[in-house]
Each structure stands twice: as structure tokens, then as C-alpha cells.
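Here is a short report on one protein chain. It moves from a single residue to the core, the surface and the charged pairs.

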Amino acid sequence: VDGEERNRRIQQPSRIMFTVAGLTASAVRFVRHAKCGARALSQTASTSRQQPRIYTKTGDKGTSALFTGERRAKNDAVFEALGTLDELTSTIGLAIAQCRLDASITLVPDQLTEVQMMIQDVASHVATPLSSASTSALERTELPLGYVVTVEQWIDTMTEQLPPLTQFILPGGSVPSATIHCARTVCRRAERRLVDVNEASPDSVSPEAHKFVNRLSDYLFTAARLVAEQMGETPIIYQKPKQ
């Protein structure tokens, strides 16, 4: 074998080794990337498992579950009351958003946020009917006695900042004030729905819950007046239309 052929044979294994090494490195990188991808997918799947889905499909046939697990038709008196309470707190949320756009409006936005939390407790109470609730469930959803007292104190504090009410005023003026009046009317409807619940199932709604919702409409009326006052609005006074 001549010298050139000998050198070629000597160098060939090193080329093969280099190629194998390159393939091995590529394989290692591939496996490493695959593992990272699998780990990422696993973490994503784990996160998906941890996040509950907003939809349950359990109400597709027109029924829904109460806090006790009992299922009723969605047009049951209890769900009519719960839906109205939800509408009430949503309307209050709109009023809060509008109030916070005006720096002259104080006190009321923070109180309204607390009211939303109180309404949530009322809803939990309503969703726990005596007919299917355990003693522990009733105790957990019992409405605190202090809610009515708190709302009454807020009404008294606001009333001190307002002129005496001697005439019937109409809802309107600014958007924040008018929206609080809208919340007041929804609150009145919620009160009527609670009466329907008790007529269908006596004593399901406690006297304290009835008192709170009744007092809440008075609070919303006073809050609407205070917001109008803080914004410098002139009240719209009722006058009998000319014939």
C-alpha cells in the first residue's frame, strides 16, 4: 500500500468517530429538548387540572344545585331570588365604577363595595333552604346581625350631610346617582322575591335577611341623594304635569 492510501485509511476512523460523535451530540440535544418539551406539556396539563372549568354542563337540562346539593328547576322561587340578588350586586358594581370616575364622590363607593359582600352573604343564606340543609350548613350561612345596624348607621351619617327631604324627588341628574337609583329598584324587586321564597317554603329566609334587604333600599336612596349633592346637582323635584 502506498503512502497516500495508508494516510487515507488512518484518517478514516477519525472521520467516522467525528461523525458518530456529532450524531451522538445531536441525539443528546434532541432527547434533552424532547424532555424539556414533555416537562412543559406536563406542567401545562398539571395547571389545566388545577384550574376548574367555568362550565359544568350539569345545568343543561334546566336544573341547578343549591348550596345543600339539592337540585331544583332554574325557575324555582329560590333561583329567582338568587338571580335578582346577582342583578342587584352587578348594578351596584356599575354604580361603583361610575362613582370612581369623579373625585368629588366620597364615602359611597367604598360602602357600596362592602354592600356587595353583604349581598353575597344574603345569597348564600337564600341558597341554603331549611328543607335540605344540615345544621352546620345553616350555621355557616346565617346572616350576621350586625349588617342591618351597619347600614342604618351609614344612612344616619349620610342624612346629616343632606338637606331635609320635603318633596318627592325624581331619579336622574348624573349617571352615578341615576345608576344607584336603578340599584334601589332592583333591591326592591329582590325583597319581593325573598317573600316569594318564604311563601313557597316558610321560614327559609330569616327575618334578618328580610330586614337587611329592606333597609338596603333605603340606603341606596340616601346614597343616590348624597352622590348628587357631592356632584353639585340640583334635585329634580316632582311637579304634577299640566293638563
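Thr-222 is buried, at 8% relative accessibility. The model is predicted. Thr-222 sits in helix α7. Leaving aside neighbours within four places in sequence, Thr-222 contacts Ile-155, Met-158, Thr-159 and Leu-162. The verdict of buried follows because the cut-off is under 20% relative accessible area, and Thr-222 has 8%.

**Fold and totals**

The chain has 7 helices and 4 strands. Along the sequence they run α-β-β-α-α-α-α-β-α-α-β. The chain holds 243 residues, and 33% of them count as buried. Its accessible surface is about 15,300 Å². Carbon and sulfur atoms hold 56% of that surface. Take the contacts with a separation of 6 or more: 75% of them join residues 24 or more positions apart.

**The core**

In soluble globular proteins, nonpolar side chains tend to be buried together. Here the largest nonpolar core has 48 residues. Ile-180, Phe-212 and Tyr-219 have the most contacts inside this core. Five elements are listed as giving two or more residues to this core: α2 (77–99), α3 (108–126), α5 (146–159), α6 (175–200) and α7 (207–230). Helix α2 gives the largest share, 11 residues.

What does Ile-180 touch, not counting residues up to four places away in sequence? Its partners include Ala-95, Cys-99, Val-108 and Leu-112. Ile-180 also touches Leu-220, Ala-223, Ala-224 and Val-227.

**Cysteines**

A disulfide is a covalent bond between the sulfur atoms of two cysteines. How many disulfides does the structure hold? The count is 0. Two cysteines show contrasting exposure. Cys-182 is partly exposed, with 44% relative accessibility. Cys-187 is buried, with 0% relative accessibility.

**Surface features**

Phe-168, Leu-170, Ile-236 and Tyr-238 make a nonpolar surface patch of about 390 Å². Phe-168 lies in the loop between α5 and β3. Is Phe-168 buried or exposed? Phe-168 is exposed, because the cut-off for exposed is over 50% and its relative accessible area is 58%.

Thr-166 is also in the loop between α5 and β3 (169–170). Thr-166 is exposed too, with a relative accessible area of 68%. Its C-alpha atom is 9.9 Å from that of Ile-237. Along the chain, Thr-166 and Ile-237 are 71 residues apart.

**Salt bridges**

Side chains of opposite charge can pair when their charged atoms come close. The whole structure has 8 salt bridges. The table gives three of them, with N to O distances.

| Pair | N to O distance |
|---|---|
| Asp-76 and Arg-72 | 3.2 Å |
| Asp-218 and Arg-188 | 3.6 Å |
| Arg-193 and Asp-196 | 3.7 Å |

Start with the bridge between Asp-218 and Arg-188, at 3.6 Å. Asp-218 lies in helix α7 and Arg-188 in helix α6, so this pair ties together parts that are 30 residues apart in sequence. Asp-218 is partly exposed, at 32% relative accessibility. Arg-188 is partly exposed as well, at 30%.

The pair Arg-193 and Asp-196 is local. Both residues are in helix α6, 3 residues apart, so about one helical turn separates them. Arg-193 is partly exposed, with a relative accessible area of 25%. Asp-196 is partly exposed, with a relative accessible area of 32%.

One network also appears: salt bridges with shared partners join Glu-70, Arg-72 and Asp-76. Within this network, the side chains of Asp-76 and Arg-72 meet at 3.2 Å, N to O. Which end of this bridge is buried, and which is partly exposed? Arg-72 is buried, with a relative accessible area of 15%. Asp-76 is partly exposed, with a relative accessible area of 23%. The two labels differ because the cut-off for buried is under 20%: Arg-72 has 15%, whereas Asp-76 has 23%.

Key: Residues are numbered from 1 along each chain as its sequence is written. This is a predicted model: local features need pLDDT of at least 70, side-chain atom pairs count only at pLDDT 80 or more; totals for chains, interfaces and linings use all residues. Side-chain values use heavy atoms; hydrogens and water are left out. A nonpolar core is a set of buried Ala, Val, Leu, Ile, Met, Phe, Trp, Tyr and Cys residues joined through side-chain atoms within 4.5 Å. Buried means under 20% relative accessible area, exposed over 50%, partly exposed in between (1.4 Å probe, protein chains only). Contact means heavy atoms within 4.5 Å. Accessible areas come from the Shrake-Rupley method with a 1.4 Å probe; for residues, only the protein chains shown count as cover. A disulfide is a pair of cysteine sulfur atoms within 2.5 Å. Patches are made of residues with over 30% relative accessible area and no salt bridge: like charges are joined within 9 Å, nonpolar side chains (Val, Leu, Ile, Met, Phe, Trp, Tyr) within 5 Å. A salt bridge is a side-chain nitrogen of Lys or Arg within 4 Å of a carboxyl oxygen of Asp or Glu.
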